[in-house]
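Welcome, and please open your viewer. We will walk through one protein chain together, stop by stop, selecting a few residues at a time.

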Amino acid sequence: MKFELPTLPYSYDFLEPVIDAKTMEIHHSKHHAAYVNNLNSALEKYPELEFKCPGQLMRNIDQMPADIKQAVINNGGGHVNHSLFWKTLTAPDTSELSGEIKELIETEFGSYEKFVELFTTAATTRFGSGWAWLVITKEGKLEVTSTPNQDTPLMEGKRPLLGLDVWEHAYYLNYQNRRPDYIKEFFRIINWEVVNARLEHAKNCECSK
Ligand code: MN
């Protein structure tokens, strides 16, 4: 299968002022597009490899031929991470924590504030480039974690529900070196309805979107 750059579910300026239109345009049409193109190039050599979806590709990364494995980690990870990221964002201050994810966060972390604290720490302390995550573990527990580069929690058998890109390309035009400000603003644009849908999907389906 050939992977394709997904269309953004909103316009480039939809997340302003938290994420500016220029950053979104470059991030989606250049960075994400490059991951998709490079992933397709890496897989061209092995047309016999078949995958239902990018998530399945990444969960079975150990089956990749050695000569393309790192390219698939970097670019397949880049593709699934960004696809998730776009979908879980919404216009500032329009989505409230609700439903099953609210209950789980409060039960497992103690409170929403504690979750914010854990996620902020994960995003702040990820040195260099990478991602902060809210995931479900193999045991079905919520976990806040982070990964380097474009590594995806799917490779560890975890199901990502929410992710924050902390590569400089995600925020530098607007926030420059102020990653903590970008992280703080991120909590205003989380689409909790989509996170709830991902939670439901993760419980019922083998293939991660
Ligand atoms: Mn990115």
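The tour goes from the whole chain to its cores, then to some single residues.

**Before you start**

This is a predicted model, in which local features need pLDDT of at least 70 and side-chain atom pairs count only at pLDDT 80 or more, while totals for chains, interfaces and linings use all residues. Residues are numbered from 1 along each chain as its sequence is written, and side-chain values use heavy atoms, with hydrogens and water left out.

**Stop 1: the whole chain**

Show the chain as a cartoon. You should find 8 helices and 3 strands; here helices (H or I, at least four residues) and strands (E, at least two) are DSSP runs, numbered from the N terminus. Following the chain from the N terminus, the order of elements is α-α-α-α-α-β-β-β-α-α-α. The radius of gyration is 17 Å, close to the 17 Å that the globule rule gives for 209 residues, so the protein chain is as compact as a globular protein of that length. That radius is taken over C-alpha atoms, and the globule rule is 2.2 Å times the number of residues to the power 0.38. Along the principal axes, the C-alpha atoms fill a box of roughly 45 × 40 × 30 Å.

Now switch on the surface. The chain exposes about 10,100 Å², and carbon and sulfur atoms supply 50% of that area; accessible areas come from the Shrake-Rupley method with a 1.4 Å probe, and for residues only the protein chains shown count as cover. Of the 209 residues, 49% count as buried. Buried means under 20% relative accessible area, exposed means over 50%, and partly exposed is in between (1.4 Å probe, protein chains only).

Among contacts with a separation of 6 or more, 68% come from residues 24 or more positions apart. A contact here means heavy atoms within 4.5 Å.

**Stop 2: the nonpolar cores**

Select Ile101, Phe115, Phe119, Leu134, Leu164 and Tyr182: of the 43 residues in the largest nonpolar core, these touch the most other members. At least two residues of this core come from each of helices H3 (66-87), H4 (99-109), H5 (112-125), H7 (179-186) and H8 (192-204), and from each of strands E1 (130-136), E2 (142-148) and E3 (159-165). Which element gives the largest share of this core? E1 does, with 6 residues. A nonpolar core is a set of buried Ala, Val, Leu, Ile, Met, Phe, Trp, Tyr and Cys residues joined through side-chain atoms within 4.5 Å.

Stay with Tyr182 and display its surroundings. Not counting residues up to four places away in sequence, Tyr182 touches Ile19, Phe85, Leu164, Asp165, Val166, Ala170, Tyr171 and Tyr175. Apart from the largest core lies another, of 15 residues, including Phe3, Leu39, Ile68 and Val72.

**Stop 3: along helix H1**

Next, select His32, which sits in helix H1. Is His32 buried or exposed? His32 is buried, with a relative accessible area of 0%. Beyond its neighbours within four places in sequence, His32 is in contact with Leu5, Pro6, His27, Gly78, His79, His82, Ser83 and Trp86.

Move on to Ala33, also found in helix H1. Ala33 is buried, with a relative accessible area of 12%, and touches Leu5 and His28 when residues up to four places away in sequence are not counted.

Then pick Glu25, again in helix H1. At 33% relative accessibility Glu25 counts as partly exposed. Leaving aside neighbours within four places in sequence, Glu25 is in contact with Tyr12 and Lys30.

**Stop 4: backbone details**

Most residues other than glycine have a negative phi, and most peptide bonds are trans. With that in mind, zoom in on Glu16 and Pro17, which are joined by a cis peptide bond with omega of about 5°. Pro17 lies in the segment before helix H1 (21-44).

Now find Asp93 in the loop between H3 and H4. Phi of Asp93 is positive, near 60°, in a residue other than glycine. Asp93 counts as exposed, at 54% relative accessibility.

Finish at Gln176, in the loop between helix H6 (172-175) and H7. Gln176 is not a glycine, yet has a positive phi of about 50°. Gln176 counts as partly exposed, at 31% relative accessibility.
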